[in-house]
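Morning, everyone. Please take a look at the structure on the screen, and I'll walk you through it.

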Amino acid sequence: MTLLEQHACFGGSQQVWQHAAKTVQCDMRFAIFLPEQAQSQPLPVLYWLSGLTCNEQNVITKAGAQRYAAEHGVILVAPDTSPRGDNVADDQTYDLGQGAGFYVNATQTPWVNHYQMYDYVLHELHDLVCKQFNALDKRSIFGHSMGGHGALVLALRNPQAFVSVSAFAPIVAPSQVAWGEKAFAAYLGDDKQQWIEYDAVALIEAGAKVDGLLVDQGLADNFLDTQLKTELLARACQQQGIDHSIRLQQGYDHSYYFIATFMGEHIAYHAQRLKV
């Protein structure tokens, strides 16, 4: 592991690390905020998954999250959104390839060798955080847009691993929208049964459960009607009896201004459940 950045922040330490990741067969970066309490005791971990075109920098520089992580005593970890490097497959468009991993385990050439972000987040990254930073093996997960999709899928498929889940403007039904159709066809191929494994609405309709979920969605979001389709998640949760709070926020768009506004409430939501 190589320490790339370290900054004092709200009494704790905001760091960025790089390590050789076996799961994705390349060097990966992740950000970690260690609140002051981490110096004297192991703490639970809250994972943040970012959206298309983002990396580990977006949330740590734009969301104001460290203040709330320090207040509640949780470690905040934000991985990059995909494998990267000269030898990693890529695409010229913004919604496929590097910066657009969609948190799946790819099965198709040329993506299969590196694009194993589902396993990276679920297993390798968490094992590393617990070992290197004396964190508790107790975690929650949240994210934005593509990262909201990833958070929902990881929590729904692994309810024993994640205490709680929330999302900002998530892609809730990627199998039914252009972003997801493009990415899934490339990464997973034509077998749409495999797509269902990475589709939150489809997973819920098939019986996957979480204890509850919190979602904030801006009503001024340009992607709401075409790519996000929040109403499909609300309907699926209602039909399957999943406790959910899906809040439609008037005037808010898809940006980090929106995320920063409600970040404190999301971290408090997770902290309350992580401390039980």
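What percentage of the 276 residues in the protein chain is buried? The figure is 59%. Keep in mind that this is a predicted model.

Let's start with the overall fold. The protein chain has 10 helices and 9 strands. Along its principal axes, the C-alpha trace spans about 50 × 40 × 35 Å. Does the size point to a compact globule or not? A compact globule of 276 residues would have a radius of gyration near 19 Å, and the protein chain has 17 Å, so the two agree.

Now the contacts. Take those with a separation of 6 or more in the protein chain. Of these, 71% are between residues 24 or more positions apart.

On to the surface. The accessible surface of the protein chain is about 11300 Å². Carbon and sulfur atoms account for 45% of that. As for charge, there are 28 negative side chains and 17 positive ones. The centres of the two sets are 5 Å apart.

Next, one residue in detail: Met-263. Where does Met-263 sit? Find helix α10, residues 256-274, and Met-263 is in there. Is Met-263 buried or exposed? Its relative accessible area is 0%, and buried means under 20%, so Met-263 counts as buried. Which residues does Met-263 touch, leaving aside neighbours within four places in sequence? The aromatic names to look for include Trp-48, Tyr-68, Phe-142 and Phe-168. Val-59, Ala-63 and Ala-65 are also in contact with Met-263. Now look across to Gly-207. Gly-207 is 56 residues from Met-263 along the chain, and their C-alpha atoms are 29 Å apart.

Last topic: the backbone. Which peptide bond is cis, with omega near 5 degrees? That is the bond from Thr-109 to Pro-110. Pro-110 lies in the loop between β5 (75-79) and α3 (117-132).

Two residues deserve a look for their phi angle. Ala-169 is not a glycine, yet its phi is positive, about 45 degrees. You'll find Ala-169 in the loop between β7 (162-168) and α5 (178-188). Ala-169 is buried, at a relative accessible area of 0%.

Then Lys-229. Lys-229 also is not a glycine, and has a positive phi of about 50 degrees. It sits in the loop between α8 (224-228) and α9 (230-240). Is Lys-229 buried or partly exposed? Its relative accessibility is 21%, and buried means under 20%, so Lys-229 counts as partly exposed.

That's my tour. Thanks for listening.

How values were computed:
Residues numbered from 1 in each chain as written. Predicted model: local features only at pLDDT ≥ 70, side-chain atom pairs only at ≥ 80, totals over all residues. Heavy atoms only, no water. Helix = DSSP H or I, 4+ residues; strand = E, 2+ residues; numbered from the N terminus. Rg over C-alpha atoms; globule rule 2.2 N^0.38 Å. Buried < 20%, exposed > 50% of the residue type's maximum accessible area, 1.4 Å probe, protein only. Contact = heavy atoms within 4.5 Å. Areas by Shrake-Rupley, 256 points an atom, 1.4 Å probe, with all protein chains shown as cover. Lys, Arg positive; Asp, Glu negative; His and termini not counted. Charge placed at Lys NZ, Arg CZ, Asp CG, Glu CD.
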